[in-house]
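Thanks, everyone. I'll walk through one model today, from overall build down to the ligand.

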Amino acid sequence: PLVLAIETSCDETSVAVVRGREVLANEIASQIPIHRLFGGVVPEIASRKHLEAVDGVVNAALETAGIGLGDLDGIAVTYGPGLVGALLTGVTAAKALAFALDTPLVGVHHIEGHIAANYVQDPELIPPFLCLVVSGGHTHLVKVLDYGVYELMGRTRDDAAGEAFDKVARVLGLPYPGGPSVEQAARAGNAKAFSFPRAFRGEDHLDFSFSGVKTAVINEVNRLHQKDNPLPVADLAASFQETVVDTLVRNTLRAVDRSRMKRVALAGGVAANGALRARMKAALSAKGVQLTVPAPILCTDNGAMIGCAGAYKLKAGNIAGLDLNAVPSLELVTQY
Ligand code: ATP
Ligand code: FE
Ligand code: MG
């Protein structure tokens, strides 16, 4: 089906046109330069910017795809989780379009969208597979049993991986968003310069915790400041990144062993991280397990992933009513 998808859960206004897994347009109006001035996303500004941008981005997507509104089989939209005001902008725009065009409306879980980025990336990928979701607000190990059928094997008990990157970037004086800044700084650093704690060593579960490593970095920065030493930003960034990547790879390998899955996928903004991609690929190929990783533009927030997930829900007949509302803390459960 030909689907127009709207994603406004955080700081990217994105509209895509997809035909199933095929992306005809994936327009992204990023608010990153504005939020960078404040060192992070300011929710009120995000809502306002989405409102200003959404009509123009819809038109741009239609133009790029070379189709008209009348050609669409459905409208998909992220309805949670995310910032409530930001989500509401997209949900309202999607409902208006669905009503005016008398075409089906599909509500998509943002994380289900991140997972579906892998279907866009690899047209051959079919469930079951294991997916490590690493984004700004989530760190999930998910068994994807079928389209829309998920089983959570592990999750973070405190900070998400992306959140830890963003907070560490802040104390190191690196610009928002922190992930790309830390990755860039880490390239010139020694990953063994500092030894930061890894959570849950020796424990028998698949959960994550990143607040310990984050606090260890903050303490180290404070200690160095007190001694008036110059901050070894590259070494701190490299050592932090190494600790996080190591934990993510270790738990993923353990989940592979437990689930006996032969295929792994990565999803979410942190999946754009080169160190994680390289380490995961090496660790999994040593076990004969295949890895799918979305292109970086499909890792961070985008409409194409929402459209692809939406197309599957539409095919399954999972249609939302025009009373669809934004749900800021929507849980990832089996959708249909
Ligand atoms: P969620 O998807 O959980 O609702 P979100 O939508 O804000 O959160 P994403 O857009 O999926 O998160 O990803 C953004 C996060 O990814 C930020 O925390 C950002 O720092 C991180 N990130 C982006 N690129 C990289 C990178 N190259 N290395 C590490 N982290 C990265
Ligand atoms: Fe996201
Ligand atoms: Mg983002």
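Start with overall build. The chain has 336 residues, and a compact globule of that length would have a radius of gyration near 20 Å; the protein chain has 20 Å, so the two agree. Keep in mind that this is a predicted model. The C-alpha atoms fill a box of roughly 65 × 45 × 30 Å along the principal axes. Secondary structure comes to eleven helices and ten strands.

One record to mention here. UniProt, in an unreviewed entry, places a "domain: Gcp-like" feature at residues 22–307. Over residues 22–307, the chain is 50% helix and 17% strand. The end C-alpha atoms of that stretch are 10 Å apart.

Now the sheets. Take the one with β1 in it. This is an open sheet of five strands, ordered β3-β2-β1-β4-β5, and its pairing is mixed. At the edges sit β3, residues 22–30, and β5, residues 105–109; each pairs on one side only. Neighbouring strands are turned by 20° against each other on average, direction ignored.

Look at one pairing in detail. Strand β4, residues 74–80, runs parallel to β5, and five bridges join them. Which residue in β5 is the bridge partner of Gly80? That is His109.

What lies across this sheet? Helix α2, residues 43–65, crosses β1 (2–7), β2 (12–19) and β3. Its direction is at about 25° to β2. Helix α4 lies across β3, β4 and β5, at about 95° to β5. Remember α4. We meet that helix again.

On to the other sheet. Again five strands form an open sheet with mixed pairing, in the order β8-β7-β6-β9-β10. Its edge strands are β8 (149–155) and β10 (290–292), each pairing on one side only. Here the average turn between neighbouring strands is 25°, direction ignored.

Inside this sheet, β6 (residues 129–134) and β7 (residues 139–146) run antiparallel, joined by six bridges. Val133 stands opposite His140 in β7. Helix α8, residues 233–259, packs on the sheet and touches β6, β7, β8 and β9. The direction of α8 makes about 155° with that of β6.

And here is α4 again. This helix, residues 110–121, also lies across β6, β7, β9 (263–267) and β10. Its angle to β9 is about 120°. So much for the framework.

Next, the annotated site. UniProt, again in an unreviewed entry, places a "binding site" feature at His110, His114 and Asp301. These residues span 192 residues in sequence, yet no two of their C-alpha atoms are more than 8.7 Å apart, so they gather at one spot. His110 is found in helix α4.

Last stop, ligand 1. How many residues surround ligand 1? The count is 25, and the closest are Gly136, Gly137, Gly162, Gly179 and Gly269. Which helices contribute? Helices α4, α5 (161–171) and α6 (178–186) each supply at least two residues of the shell. The largest share, four residues, comes from α6. As for chemistry, the shell divides into seven nonpolar, 15 polar and three charged residues.

If you take one element home, take α4. This helix lies across strands β3, β4 and β5, and also across β6, β7, β9 and β10. It holds His110, and it supplies at least two residues of the shell around ligand 1. Thanks. Happy to take questions.

Note on methods. Residues numbered from 1 in each chain as written. Chains lettered and ligands numbered in written order. Predicted model: local features only at pLDDT ≥ 70, side-chain atom pairs only at ≥ 80, totals over all residues. Pairing = 2+ DSSP bridges. Axes fitted to C-alpha atoms, helices over the stretch in contact; angles between N-to-C directions. Contact = placed C-beta atoms within 7 Å. UniProt positions renumbered as here; feature names shortened; annotations may be inferred. Near = placed C-beta within 6 Å. Nonpolar A, V, L, I, M, F, W, Y, C, P; charged D, E, K, R; others polar. Rg over C-alpha atoms; globule rule 2.2 N^0.38 Å.
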